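Here is a short briefing to read alongside the structure. Take a moment to look it over, then follow the points below.

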Amino acid sequence: MNFKIVRFVFIVISALLAIFVFKKNIPIAYFFIPLVLYNLLLVLGAIFIQWNFYIKSINSVATFKHFMDLDESKKNICLTFDDGIHTNNTPLTLDILKRYQINAHFFIIGKNIQGNENILKRMHDEGHSIGNHSFGHTWKFDLQSTKSMQLEIEATNQLIKATIGEAPVLFRPPYGVTNPNLARAIKNTNMLSMGWNLRSFDTVAKSADQLLKKLIDNTKPNSLILLHERCDLTVEVLTEYIEYCLLEGYTFVTLKTNHEV
Ligand SMILES: [Zn+2]
């Protein structure tokens with residue numbers, strides 16, 4: 001089920017209802033049922049990136065195999081960090097990852113790059129994958145035109161390229177919200193959308209224990225884990241979480257793709 005199919009079904013049902021209203025005199029209020037259901041699906045499709053409703057996203061480590069060699073006999077998982085660069089937390093996160101020789105995905109907000117170029121360079125030098133997470137990441141991001149979204153994506157790509165010499169391939173939609181304009185912007189900029197299948201809810205976690213439990217309880221092979229660099233609790237639990245995963249035999253992987261921008 002995706003946007004195009006749902007839209008087609010809605011148009012067909014509406015046309016049939018119109019015929020019935022005209023020929024059989026059924027109440028016009030019947031139109032509201034498909035209209036409400038249609039709008040509900042549009043909203044849910046926008047919120048749940050895993051639905052691949054407006055655009056296909058990479059939502060599981062299992063799908064990495066379409067882009068790279070992946071040893072599927074291993075219990076592969078992947079860490080992703082959004083909303084960087086964070087001047088305090090990002091270096092701490094990088095220190096922890098370095099200690100365990102683990103690579104992760106970092107989805108960077110363009111406006112956070114200025115003044116933090118050295119951190120971005122370090123990220124790249126230490127083998128992490130750098131992705132685009134819009135330029136401004138405001139609440140209005142999804143209300144913009146395709147052109148404006150495209151400009152945000154391109155501005156961040158240019159800043160990243162100017163700092164590390166290469167532009168990112170992966171884009172993570174702010175808040176994980178997608179819509180037709182964003183789908184077009186991602187397509188026009190030749191990016192790949194990456195979602196997740198394990199939401200840590202670190203941004204609203206009340207304590208380190210609660211966050212760690214949430215992560216541990218939900219980690220399974222092919223988990224694509226969403227974390228945020230701006231959350232102090234995330235840095236606090238990261239070491240313990242990594243140690244748990246290693247003890248359980250998980251392997252940390254990142255998506256390597258030769259997809260050209
Ligand atoms: Zn974000």
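## Two helices and a central-strand story

Helix H1 (residues 3–24) packs against helix H2 (residues 32–47) at an angle of about 175°, and their axes lie 10 Å apart. Angles over 145 degrees count as roughly antiparallel, so H1 and H2 are roughly antiparallel to each other. Please keep in mind that this is a predicted model.

**The H1–H2 contact**

- On the H1 side, the residues that take part are Phe 3, Val 6, Phe 10, Ile 13, Ser 14 and Leu 17.
- Their counterparts in H2 are Pro 34, Tyr 38, Leu 41 and Gly 45.
- Sorted by class, the contact of H1 with H2 comprises eight nonpolar residues and two polar ones, with no charged residues.

**Strand S2 and its partners**

- Is strand S2 (residues 75–84) mostly covered or mostly open? Nine of its ten residues are buried, so to speak of S2 as mostly covered is fair.- S2 runs parallel to strand S9 (residues 250–252), and three bridges join the two. Within this pairing, Lys 75 stands opposite Tyr 250 in S9.
- S2 also runs parallel to strand S8 (residues 224–228), to which five bridges join it. Here Cys 78 has Leu 224 in S8 as its bridge partner.
- With strand S3 (residues 105–108), S2 pairs in the parallel sense over four bridges. Thr 80 of this pairing has His 105 in S3 as its bridge partner.
- Which helix does the chain pass through on its way from S2 to S3? The path leads through helix H3 (residues 89–99), and this β-α-β crossover is right-handed.
- As a reminder for viewing strands, the side chains in a regular strand alternate between the two faces of the sheet.

**The protein as a whole**

- The protein has eight helices and nine strands.
- Along the principal axes, its C-alpha atoms fill a box of roughly 75 × 40 × 40 Å.
- Of the 261 residues in the protein, 38% are buried.
- How many of the contacts between residues at least 6 apart in sequence join residues at least 24 apart? The share is 78%.

**Worth a look in the viewer**

- For the helix pair, try viewing H1 and H2 from the side, where their roughly antiparallel arrangement can be followed.
- For the strands, start at S2 and find Lys 75 opposite Tyr 250, then Cys 78 with its bridge partner Leu 224, and then Thr 80 with its bridge partner His 105.
- From there, trace the chain from S2 through H3 to S3 to see the right-handed crossover.

How values were computed. Residues numbered from 1 in each chain as written. Predicted model: local features only at pLDDT ≥ 70, side-chain atom pairs only at ≥ 80, totals over all residues. Axes fitted to C-alpha atoms, helices over the stretch in contact; angles between N-to-C directions. Parallel < 35°, antiparallel > 145°, perpendicular 65-115°, else oblique. Contact = placed C-beta atoms within 7 Å. Nonpolar A, V, L, I, M, F, W, Y, C, P; charged D, E, K, R; others polar. Buried ≥ 20, exposed ≤ 12 C-beta atoms within 10 Å, placed from the backbone. Pairing = 2+ DSSP bridges. Right-handed = clockwise from strand over helix to strand, strands pointing away.
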